[in-house]
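Q: Please take a close look at a single part of the structure below. I would like one connected account of it, with the cut-offs behind each term.

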Amino acid sequence: MLPYILIFVSAIFVNNIMLAQFLGTCPFIGVSNKVSTATGMSGAVVFVITLATLVTYLINKYLLVVFGLEFLQTIAFILVIASLVQMVEIVLKKISPSLYQALGIFLPLITTNCAVLGVALNVVTKEFTFGGGAAHMLNLGESVVYAFATAIGYGMALILFAGMREHLELNDVPKQFKGVPIALVTCGILAMAFMGFSGMV
């Protein structure tokens with residue numbers, strides 16, 4: 001149980017996919033104008049990252065590795081992620097048309113969101129060390145927990161950032177900093193705040 005807790009805490013706070021590894025910045029900047037939109041995007045990202053990691057792990061272990069096709073990992077993973085995003089788009093269009101409209105172009109951008117592909121590739125290629133133990137590859141259970149926690153961390157950062165941007169709209173920001181410049185400065189400060197968690201796990 002302890003490894004799963006360490007993976008969960010580490011993926012959310014210590015190695016936040018956006019604020020520590022800077023993966024998925026395009027949707028992060030693009031969808032963070034409103035908390036409501038950011039929350040919807042976070043839900044979609046959590047679903048896609050978790051499911052994509054589960055599917056890509058199984059494809060890698062039982063298909064690519066067995067037939068010696070590991071060199072096709074990136075292409076295979078991109079195809080899986082693109083298919084999953086299409087599925088999310090179709091479901092969201094039927095269940096919540098307003099959220100679908102609010103997300104606009106950024107929903108298809110999950111397909112090219114490097115955070116999704118980065119997590120899937122990390123799980124099958126990177127050795128992890130948690131709690132001072134020996135480095136090891138993640139098993140299926142750990143992979144799903146890592147993917148879910150990473151997506152939660154991304155969503156949490158996105159919602160926090162959206163809240164800050166909504167507050168900034170009410171403040172007297174100098175003309176030169178209005179819009180994206182102040183958003184990037186705020187993002188940098190948020191990333192520095194998350195650096196305070198380094199060394200926890």
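A: Helices here are DSSP runs of H or I with at least four residues, strands are runs of E with at least two, and both are numbered from the N terminus. The model is predicted, with local features needing pLDDT of at least 70 and side-chain atom pairs pLDDT 80 or more, while totals for chains, interfaces and linings use all residues. Residues are numbered from 1 along each chain as its sequence is written, and side-chain values use heavy atoms, without hydrogens or water.

The part chosen is the packing of helix 3 (residues 35-64) against helix 4 (residues 73-95), at an angle of about 140° and with axes 9 Å apart. Axes are lines fitted to C-alpha atoms over the stretch in contact, and angles run from 0 to 180 degrees between N-to-C directions. Helix 3 and helix 4 are therefore oblique to each other (under 35 degrees is roughly parallel, over 145 roughly antiparallel, 65 to 115 roughly perpendicular, the rest oblique).

On the helix 3 side, the residues that meet helix 4 include F47, L51 and N60, and their counterparts in helix 4 include Q73, F77 and L84; contact means heavy atoms within 4.5 Å.

Q73 belongs to helix 4 and is buried at 12% relative accessibility. Beyond its neighbours within four places in sequence, Q73 touches N60, L64, L121, V124 and T125.

A82 also lies in helix 4. With a relative accessible area of 24%, A82 is partly exposed (buried is under 20%, exposed over 50%, partly exposed in between, using a 1.4 Å probe and protein chains only). A82 and A52 are 30 residues apart in sequence, with their C-alpha atoms 9.5 Å apart in space.
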